[in-house]
Amino acid sequence: MKKGYLLLANGQLYEGTLMGAEKSVMAELVFTTAMTGYLETLTDPSYEGQIVIQTFPTIGNYGVIPPDFESRAPKLSGYIAREICDEPCNFRNEGRLNDWLVAQGIPCLTGVDTRALTRTIRNAGVMNAALLTEKPDDIGALAEQLKALPFHPSIQDVTCEGIQQARTEGEYRVALWDFGAKENIQRELEKRGCAVTVVPASATAKDILALNPDGLMLSNGPGDPADNTEVIRNLQELMRHGLPTFGICLGHQLLALSQGAKTVKLKYGHRGANQPARDVKTGLSYMTSQNHGFAVDIDTLPAGASLRFVNGNDGTCEGIDYTEMPAFSVQFHPEACGGPLDTRFLFDRFIAMMGGNKHAAES
């Protein structure tokens, strides 16, 4: 087995075994605490431009199951696990995880102390790192280079190409604005009788309104939400038309920015399937799946934006209800596969919102 190395921007060097594709990459280093759903993690477009650490020690035990993918191909830059299972066992399995990583061009480092590595990121915050095929000659120089490298994942790199027509018929027409949408968002809408037309991140308010949708779904996606100035501007226009809107993750942040709020980068983000979100209206707490490095700043919420959910660990914003327009959004993932199903009722809330709007327009 070939040795591999992980160099952090703080100068720490980890040695392990190189698996997956044999190539070096530089990216932002993050960790996820999810105990299951590694396939969903690997194919989540929101990880575009990142090296992902799995804190659960053994990954790949149920192999590769393409129907569980959240997108056609992985967008993350690299992968780190304590151990990759070489003999998966599942009746749906279609291959070994390492073989799939090789085929997809994703380098993977195993045999490292992922607990110590995660504690470093948790204490110091996310930082740039290099996953390397050879031990660096000058660790200090490369670490300084990593500190200076800007990584700005773009929604344009993970969005669809052109408008994708609805693949099912339904009572409600939904425009899914794709900033790196997870496949299960569309599945959950279709289960509830929606005909979902997927539109690219480059779509304008005019493009979306031309579809005459009953509702608008704003998807998850990678990167700094404030970078997407054109999307924010078009969202401002769309919201003036009273279109029922539901935002998830990046979509939640973009909707808040369009109404005048601000976003902040978190120290190490929330990534995993065991994140508590508390409904401030009912007092109930839910276990949720999350994957984000930014959050809406609660102190900047404008008039007409009511805080609905907060993170049970750090009190950050996890959801907003808009009182002056038919819209709401959440930071977590109610569509989660390989994660808790506690908050799927939010899709039903969106359906009810579209129904009330649609029937009022028809009467």
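1. Val52 is a convenient place to start. Leaving aside its neighbours within four places in sequence, Val52 is in contact with Val30, Thr32, Thr41, Tyr47, Leu76, Gly78, Tyr79 and Ile80. The residue sits in strand S4, which covers residues 50-54. Its relative accessible area is 0%, so Val52 counts as buried. Asp297 is 245 residues away from Val52 in sequence, and the two C-alpha atoms are 25 Å apart in space.

2. The model is predicted, and the remarks here should be read as remarks on a prediction. The protein chain has nine helices and 18 strands. For 363 residues, a compact globule would have a radius of gyration near 21 Å, and the protein chain agrees with this at 21 Å. The C-alpha trace spans about 70 × 45 × 40 Å along its principal axes.

3. On burial and surface: 57% of the 363 residues in the protein chain are buried. The accessible surface of the chain is about 15,000 Å², and carbon and sulfur atoms account for 48% of that. Taking contacts between residues at least 6 apart in sequence, 73% join residues at least 24 apart. As for charge, the chain has 32 positive and 43 negative charges, and the mean positions of the two sets are 3 Å apart.

4. The largest nonpolar core has 30 residues, and Trp177, Phe179 and Leu216 touch the most other members. At least two residues of this core come from each of strand S10 (172-177), helix H6 (205-210), S12, H7, helix H8 (250-258) and strand S17 (317-322). A second core, separate from this one, has 26 residues, including Ala181, Cys249, Phe328 and Ile351.

5. Cys249, a member of that second core, deserves its own point. The residue lies in the loop between strand S13 (245-248) and H8. Its relative accessibility is 1%, which means that Cys249 counts as buried. Most residues other than glycine have a negative phi. Cys249 is not a glycine, yet its phi is positive, at about 60 degrees.

6. Two further residues have a positive phi. Asn212, also not a glycine, has a phi of about 55 degrees, and its place is the loop between H6 and S12. Gly193, just after H5, takes a positive phi of about 80 degrees. Within helix H5 itself (residues 183-191), the buried residues are Asn184, Ile185, Gln186, Glu188, Leu189 and Glu190.

7. Is Thr114 buried or exposed? Thr114 has a relative accessible area of 5%, and the cut-off for burial is under 20%, so the residue is buried. Thr114 belongs to helix H3, residues 114-124. Residues up to four places away in sequence aside, its contacts are Ile53, Gln54, Thr55, Ile80, Ala81 and Arg82. Ile80 is also among the contacts of Val52.

8. Which residues does Asn228 touch, not counting those up to four places away in sequence? The contacts of Asn228 are Ile155 and Leu254. Asn228 is found in the loop between strand S12 (215-218) and helix H7 (229-239). Its relative accessibility is 12%, so Asn228 counts as buried. S12 and H7, the elements on either side of this loop, each supply at least two residues of the largest nonpolar core.

Definitions and conventions: Residues numbered from 1 in each chain as written. Predicted model: local features only at pLDDT ≥ 70, side-chain atom pairs only at ≥ 80, totals over all residues. Heavy atoms only, no water. Helix = DSSP H or I, 4+ residues; strand = E, 2+ residues; numbered from the N terminus. Buried < 20%, exposed > 50% of the residue type's maximum accessible area, 1.4 Å probe, protein only. Contact = heavy atoms within 4.5 Å. Rg over C-alpha atoms; globule rule 2.2 N^0.38 Å. Areas by Shrake-Rupley, 256 points an atom, 1.4 Å probe, with all protein chains shown as cover. Lys, Arg positive; Asp, Glu negative; His and termini not counted. Charge placed at Lys NZ, Arg CZ, Asp CG, Glu CD. Core = buried A, V, L, I, M, F, W, Y, C linked by side-chain atoms within 4.5 Å.
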